Amino acid sequence: MCNNNLKTKIGLAIIGCGDIGRARAQFARMYPAVEWIGICDINLELAKSLADEIQADFFTSDASELLSFPEVNAVIIATNETAHYTPVLLAIERNLSLFIEKPLAVDFYQSKELLNKIISAEIDAVMGYTQRFRQRFLVVKEKLVNNQIGAVTSISARGLLNRTIANMVLSRANDHTNITPMVTSGTHMLDMCLWLIGECKPRNIFARSTDKVFGFSGSKDTTTAIIEFENDILLSMNHSWAAPENWPGGVYGMQIGLIGTDGMIEIDDMHKDVILASNHYQPPGYKHNSTTTNEKLGTSLRSRNVDFLTSIPFGQRSQSEMWGPIREETFSWFHRLITGAKTPHTTAREGHENLAICLAIDLAAKTGRILELPENLNDLESYF
Ligand SMILES: NC(=O)c1ccc[n+]([C@@H]2O[C@H](COP(=O)([O-])OP(=O)(O)OC[C@H]3O[C@@H](n4cnc5c(N)ncnc54)[C@H](O)[C@@H]3O)[C@@H](O)[C@H]2O)c1
């Protein structure tokens, strides 16, 4: 059991009605124990259209108004990356169970403050690191827990994002401080590596970044880092969100290799196993109106006719429903709220530590020095 605040029925508030909020709202409508649903987006038209689509009980553009309803006992925060802090704070003040899309916040101080408040209020708060719910990674985790490759000594990880995603994320943030490849997308790969290693403290970081494509926006293209953990485990990571729009991986690909004392595991997650070639244009990205979004962003719409069909890691729509790990992750959270079941969700504490490491990687790359990490990652405060 991991939750001392079990519910018999769920009254759910969903804040943020973009692609991710919409998918989660559709799952909420399907789940029998979700009795009441309220929807919020600062774009009232969007909130209304999602409320109509899933027959929600209430919609508004004001998160505070929604969270004041006595029916609400759980909240999904699916606002864009820079807009998590205020609604999470409102939910904590009302002692509501939380599901927060990554990252907890993009600012270290805000993230630390939210985590401290979550801990003191004893709130069950989990985060949307959806890749943990994919069968391939669950199987690998199980083999590691059962010691099938002995003690892990090194991990090498490569992540590749189509630059359409970087353009989208940068375009929806007014302030690009900390909107880097590590903080907004490498965080998924880091979560996977940290989860696979298990409890283990990072000791120091060497990192470098390139910025020839996104430097103009104050962001970076690619970051390479080597992290040394206690027990001498080494993690080397290379994460780029600058793959060209024409790269057939429309969203996210990974390669992760683990070496242990008694074996090794290789994970090829570049999605080259289901390939479409078509005479029709295939938009990259995961927005349901990607073509329009690309035009709005001013990115060049080149000919793109080949697509790795399963490169949207959280799932994809088929016959008007979303399928994939986002479905299992959302249902599994509802199940956790009702039964207290132990689930693989990333906790808010893990999410905060993940942000701390991402920011430390970016800092190490900026200063060019090997960054010695404090015993307690919260003491990184003085570094930023
Ligand atoms: N779990 C995953 O695998 C996964 C995948 C992609 C994105 N994400 C994360 O999910 C979140 C949402 O991503 P998205 O692509 O759906 O974004 P989006 O831009 O499509 O939607 C975000 C919505 O939040 C609304 N919003 C912003 N501030 C608000 C506020 N204060 N109150 C109410 N509404 C507000 C915006 O109007 C917008 O409609 C992000 O944090 C993103 O990083 C998670």
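User: Two strands pair if DSSP finds at least two bridges between them. With that in mind, how many bridges join strand 7 to strand 10?

Analyst: There are 8 bridges between strand 7 (residues 152-162) and strand 10 (residues 234-243), and the two strands run parallel. Keep in mind that this is a predicted model. If you want one pair to click on, take R158, whose bridge partner in strand 10 is N238.

User: Which helix packs on the sheet there, touching strand 7 and strand 10?

Analyst: That's helix 7, residues 163-171. The direction of helix 7 makes about 80° with that of strand 10.

User: Is helix 7 mostly covered or mostly open?

Analyst: Mostly covered, as 7 of the 9 residues in helix 7 are buried. The buried ones are R163, T164, I165, A166, N167, M168 and V169.

User: Zooming out, what's the strand order in the sheet that has strands 7 and 10?

Analyst: The order is 12-11-7-10-9-8-18, so you can trace 7 strands across an open sheet with mixed pairing. At the edges are strand 12 (264-269) and strand 18 (371-372), each pairing on one side only.

User: And which helix touches strand 8, strand 9 and strand 18?

Analyst: Helix 11, residues 348-367, packs on the sheet and touches those three strands. The direction of helix 11 makes about 60° with that of strand 8.

User: Are strand 8 and strand 9 parallel or antiparallel?

Analyst: Antiparallel, over 8 bridges. P202 stands opposite F229 in strand 9. Strand 9 also pairs with strand 10 in the antiparallel sense, over 7 bridges. In that pairing, T224 has N238 of strand 10 as its bridge partner.

User: Hang on, N238 came up before. What's it paired with in strand 7?

Analyst: R158 is the residue whose bridge partner is N238. Put the two pairings together and N238 is a bridge partner of both R158 and T224.

User: Which residue takes a positive phi in the hairpin of strand 9 and strand 10?

Analyst: N231, with phi near 65°. The hairpin has 4 residues between the strands.

User: Switching topic: what's the strand order of the sheet with strands 1 and 2?

Analyst: It goes 3-2-1-4-5-6-17, an open sheet of 7 strands with mixed pairing. The edge strands are strand 3 (58-60) and strand 17 (346-347), and each pairs on one side only.

User: Is strand 1 mostly covered or mostly open?

Analyst: Mostly covered: strand 1 (residues 10-15) has 5 of its 6 residues buried. Strand 1 pairs with strand 2 (residues 34-40) in the parallel sense over 6 bridges. One of the pairs to look for is I14 with I39 in strand 2.

User: And how many bridges join strand 5 to strand 6?

Analyst: 4 bridges, with strand 5 (residues 97-101) and strand 6 (residues 125-128) running parallel. F99 has V126 as its bridge partner in strand 6.

User: Where does A105 lie?

Analyst: A105 is in the loop between strand 5 and helix 5 (108-120).

User: Why is A105 counted as buried?

Analyst: Because A105 has 26 other C-beta atoms within 10 Å, and a residue counts as buried at 20 or more.

User: Which residues does A105 touch?

Analyst: Leaving out residues up to four places away in sequence, A105 touches H84, Y85, Q110, S111 and L114. A105 and A83 are 22 residues apart in sequence, yet 7.8 Å apart in space, C-alpha to C-alpha.

User: Which residues come nearest the ligand?

Analyst: G16, G18, I20, A83 and E101, out of 26 residues around the ligand. Helix 1 (19-30) and helix 4 (85-93) are the elements giving two or more residues to that shell. Helix 1 gives the largest share, 3 residues.

User: How do the residues of the shell divide into nonpolar, polar and charged?

Analyst: The shell has 11 nonpolar, 9 polar and 6 charged residues.

User: Last thing: how is the protein divided into domains?

Analyst: Domain 1 covers 10-130 + 323-345, and domain 2 covers 132-314. Their contact takes 17 residues from domain 1 and 20 residues from domain 2. Helix 10 (residues 325-339) supplies the largest share of domain 1's side, 5 residues. By class, that side has 6 nonpolar, 5 polar and 6 charged residues.

User: How far apart are the C-alpha centres of domain 1 and domain 2?

Analyst: They lie 24 Å apart.

Technical notes. Residues are numbered from 1 along each chain as its sequence is written. This is a predicted model: local features need pLDDT of at least 70, side-chain atom pairs count only at pLDDT 80 or more; totals for chains, interfaces and linings use all residues. A residue is near a molecule or strand if its C-beta atom, placed from the backbone, lies within 6 Å of it. Ala, Val, Leu, Ile, Met, Phe, Trp, Tyr, Cys and Pro count as nonpolar, Asp, Glu, Lys and Arg as charged, and the others, Gly among them, as polar. Domain bounds come from an automatic or database domain assignment. Two residues are in contact if their C-beta atoms, placed from the backbone, lie within 7 Å. Axes are lines fitted to C-alpha atoms, for helices over the stretch in contact, and angles run from 0 to 180 degrees between N-to-C directions. A residue is buried if 20 or more other C-beta atoms lie within 10 Å of its own, exposed if 12 or fewer, and partly exposed in between; C-beta atoms are placed from the backbone.
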